[in-house]
Amino acid sequence: MTEDKNGETKTRAANPLPPMRCFPVFLLAFALGVCLLQTRTDLPQAAWIWILAGLCGFLVAASPVRVRAFFRAGAFLLAFCAGIMTGYGWAAWRAESRLADALPATWEGEDVRVAGVVVSLPARFDRGVRFVFQVEAVLTPEAQVPARLWLNFYTRGWRERDINPYPPPRAGERHEFTVRLKRPHGRMNPHGMDYEVWLLERNLRATGYVRNDPAPVFRGMSAWPPMTVVHRLRETARDHFLQTLEGKPYGGILTALAIGDQDSIPRAQWNVFNRTGTTHLMSISGLHVTLVAMLTGWLLNGLWRRLPRLCLLLPAQRLAILGGALAAVCYALLSGLNVPAQRATLMLLFVAIALLLERRIGLGRILLLALIGVLLFDPWAVLASGFWLSFCTVAAICWVGLHAWRGKPSSTEGNTGKSWEKKPLRQRLGDWIVAFARAQWAAMLATLPLLFFFFQRFPLNSPLANLLAIPWISFVITPLCLLGALLSGIFPPLLEWTHLLLTPLMALLKYFADGPLGFTWQAPAPSLWRVALAGCGVLLLLMPRGLPGKGAALVMFLPLLFTPAPQVAPGNIRLSVLDVGQGQAALLETAQHRLLYDAGPGYGPVAADSQAQAEEGRDAGTQIILPYLAARGIAKLDALVVSHRDNDHSGGMAAVRAGVKVEKLISSVPEWTEGELCRQGQNWEWDGVRFEFLYPPPGKILKGENGDSCLLKVTVGATPTSPGQRILLTGDLYAREERRMLAEFPASLASDVILVPHHGSRTSSTPPFVAAVNPRWAIASTGYRNRFGHPRSDVVERYVRQGAGFLRTDRDGALILVIAPGHIDIRRWRQEARRYWHFGDTW
């Protein structure tokens, strides 16, 4: 009961919980629900029920009517549960709709005639281009094809003289192609990229290539869907950049900053950015989008004020807001709409709407609305490292900026404070430098746990490199790149001048990367609790000054920075047969030693040498082996055995040798003089595990061919009464070599685990050889639907009849075997890491 100013008694209604108080809780829970769905192995039934139930729950939680006072506390919990259900259902519904558009297994590997439009910026590679093709019509009777395809168009064959006379397709062109397709399938390895979810996120439900027979047919240009016009403009700008900057070493960087084409940057330059922590600057980031919006708004505001009559129709401030928002949208579209660009554009749009409506919205809510906007558009964004790095960085910068602003004295309180306008230039510049350094400190702290979680490393020169590179790239190079694109036909020298301005910065970054400052802190892949504990340390360090207990935050980082490497028990061995496609790479780990048997294929042309493939990152060493070694905390290999010279076994060798220290190189290639040749009889023992080469014999003249492959036998737990557990690594030996070994030492071939010779080809694994080995497990390292048909069905049946379990990397992913005396434990990575978008072994 209360009394008003007239003395009348009034009954005060119960203070209800404002409906909007539940909204941030609901949105955060929505994001959590989206994340939970991406951990599922199967999709739930009737996703719309989850969405409906969640929305109803939120309406009840946000209702202003409260039956009892205690319901106010439960409203937050109800809004949280409702948000999880809604986000979970939304992500499930989006996934159902995309997975329904699938290529039937019966049409894999078949020629299909289709007509459609190139709806992406074609990505160039050494033998052609890759692009997204939107199918408008299927011309082959009864064929079923998904609506969007990821196609390779080859301008030449494996041989230099095989030239395709048909010109490469361009964005916005309508074509009629004969394509050969397969369902989405990627290499599955621990700590490796999930190619299948990458395709799902982009709604690419089949991959394949364009056939030359029958020949493609050009059907004209198309302006639908509307993004094709944007991609056509991007391709035109790229052609102009590459033509103007032909022969310039950093032309690809300027192209990437202007239109977001990161494929234009050579691998060697990416390595420099990785070793200096400046990779984020080479994509069109949120900072670039914000800068473009601010510059556009400032120019429009200044020009509009010169026209008083027009200002009466539309105030200059409102025009600046509208123009800045429009510029942000256009630049984000030009960049290809990556996650940082989406986040920045949505935040700017929300700010613009609030300013136009004269409403105040906190930075936290703007960031939260941008988060939900990204997830509504792309629920799979949470699976990308860029999503977490982008939002955590901006959240940390907003947090420290907000507390710094609150801590400043107000200019309205007496004469103790000074407004920004009254400060001298030197003081304003000092304040800007302090604010920039504070933002850099917050960004580094916020991303540190994530960098170790995703990449297992942190360049210690990153703070200094970013302190110098961010202002130069953001405020000088990027605006000049955009201006050069707009004035391409008016003032061509502008791009060359921009390249000159970029050159000293790149020289400095190279010095940071390769010089005495190029030290990188590396640690094995941390567990989630270590990352969470370090995240709590970040929150504590970013709290306002004066908060007690900040010293404890440094202790919270120690478990992350000093994550111990996984150990193998003495006397045991850990065999990891990595999924490298059509090739082979197997890592053997004992308690104190590491041996890599073969280095996987190079993914470029066979004619290209291993060093060239390593420089461009087109090999299994760069893409698979080195990330796996880093996650295992392995910085040194005691031995690298390359069975023979073939590309599918040696293509990643140069990258591995450049990425980690290799104590000894052993092969059957006499030209590799820096190593030694494998020979029958060579043997050694590491940590109770015996290694022995059974082939080639001492008198054989080696040429590094298939028949010269180094055959390595590994024995665990052998005793006078027990042969122990044995592993046989065979390379690409032929039947001829198998017969020779059967004649000389058949008993030595008996093994429990065998890497099937020549990937399961009919040229090897003869019945007598299989019988002599008599394995419990046979492993074939093969690529999905490879052109050789490996492993052959009769070879598989031969091992199965012998009583062996047959494993294959194209079906099971990476295979991890922990072998102890009397016991073999097997992990199939495709089965262990399976998610709903993996089609499993149904094929």
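A salt bridge is a side-chain nitrogen of Lys or Arg within 4 Å of a carboxyl oxygen of Asp or Glu. In this predicted model, Arg174 and Glu136 meet that description, since their closest N and O atoms are 2.9 Å apart. The pair joins distant parts of the chain: Arg174 sits in strand β7 (residues 173-182) and Glu136 in strand β5 (residues 128-138), 38 residues apart. Arg174 is partly exposed, with a relative accessible area of 23%, and Glu136 is also classed as partly exposed, at 44%.

This pair belongs to a wider set, as a search of the whole structure finds 35 salt bridges. Side chains of opposite charge can pair when their charged atoms come close. Another example is the salt bridge between Arg645 and Glu671, where the closest N and O atoms are 2.8 Å apart. Arg645 lies in the loop between β16 (639-642) and α21 (647-650), while Glu671 lies in the loop between β18 (665-667) and β19 (676-677), so the bridge ties together parts that are 26 residues apart in sequence. Arg645 counts as partly exposed because its relative accessibility is 33%, whereas Glu671, with a relative accessible area of 51%, is exposed.

Sequence neighbours can be found among the charged pairs too: Glu201 forms a salt bridge with Arg202, with 3.3 Å between the closest N and O atoms. Here Glu201 counts as buried, at 18% relative accessibility, and Arg202 counts as partly exposed, at 33%. Elsewhere, salt bridges link Arg124, Arg170, Glu235, Arg238, Asp239 and Asp261 in a network.

Attention can now turn to the nonpolar interior. The largest nonpolar core has 39 residues, and those with the most contacts inside it are Leu37, Leu371, Leu375, Phe387, Phe391 and Tyr836. Two or more residues of this core come from each of the elements α1 (22-37), α2 (47-61), α3 (71-99), α4 (195-201), α11 (339-357), α12 (363-377) and α13 (385-406). Helix α12 gives the largest share, eight residues. For a closer view of the surroundings of one core residue, Leu375 can be followed: leaving out residues up to four places away in sequence, Leu375 touches Phe30, Ala31, Val34, Trp90, Val382 and Phe387.

Nonpolar side chains also appear on the outside of the model. Leu464, Leu467, Leu468, Leu508, Tyr511 and Leu517 form a nonpolar patch on the surface, and together they have about 490 Å² of accessible area. The elements α15 (462-486) and α16 (493-514) each give two or more residues to this patch, and the largest share, three residues, comes from α15. One of the patch residues, Leu468, has its place in helix α15 and is partly exposed, with a relative accessible area of 39%.

Aromatic side chains offer another way to read the structure, which holds 23 aromatic pairs. Tyr195 and Trp198 form a stacked pair, 5.8 Å centre to centre and with 15 degrees between the planes. Because these residues are three apart in helix α4, about one helical turn separates Tyr195 from Trp198. Tyr195 is partly exposed at a relative accessible area of 24%, and Trp198 counts as partly exposed at 25%. Phe453 and Phe454 provide an edge-to-face example: their rings are 5.2 Å centre to centre, with 75 degrees between the planes. Both are classed as partly exposed, Phe453 at 32% relative accessible area and Phe454 at 26%. In addition, ring pairs link Trp684, Trp686, Phe691 and Phe693 into a cluster.

Finally, one arginine shows how a residue in a strand can be surrounded. Arg726 is placed in strand β23 (residues 725-729). Arg726 counts as buried because its relative accessibility is 17%, and buried means under 20% relative accessible area. Apart from neighbours within four places in sequence, Arg726 is in contact with Lys713, Val714, Thr715, Ala750, Ser751, Asp752 and Val753.

How values were computed: Residues are numbered from 1 along each chain as its sequence is written. This is a predicted model: local features need pLDDT of at least 70, side-chain atom pairs count only at pLDDT 80 or more; totals for chains, interfaces and linings use all residues. Side-chain values use heavy atoms; hydrogens and water are left out. Helices (H or I, at least four residues) and strands (E, at least two) are DSSP runs, numbered from the N terminus. Buried means under 20% relative accessible area, exposed over 50%, partly exposed in between (1.4 Å probe, protein chains only). Contact means heavy atoms within 4.5 Å. Patches are made of residues with over 30% relative accessible area and no salt bridge: like charges are joined within 9 Å, nonpolar side chains (Val, Leu, Ile, Met, Phe, Trp, Tyr) within 5 Å. Accessible areas come from the Shrake-Rupley method with a 1.4 Å probe; for residues, only the protein chains shown count as cover. A nonpolar core is a set of buried Ala, Val, Leu, Ile, Met, Phe, Trp, Tyr and Cys residues joined through side-chain atoms within 4.5 Å. Rings of Phe, Tyr and Trp (its six-membered ring) pair if their centres lie within 6.5 Å; planes under 30 degrees apart count as stacked, over 60 as edge-to-face and the rest as tilted.
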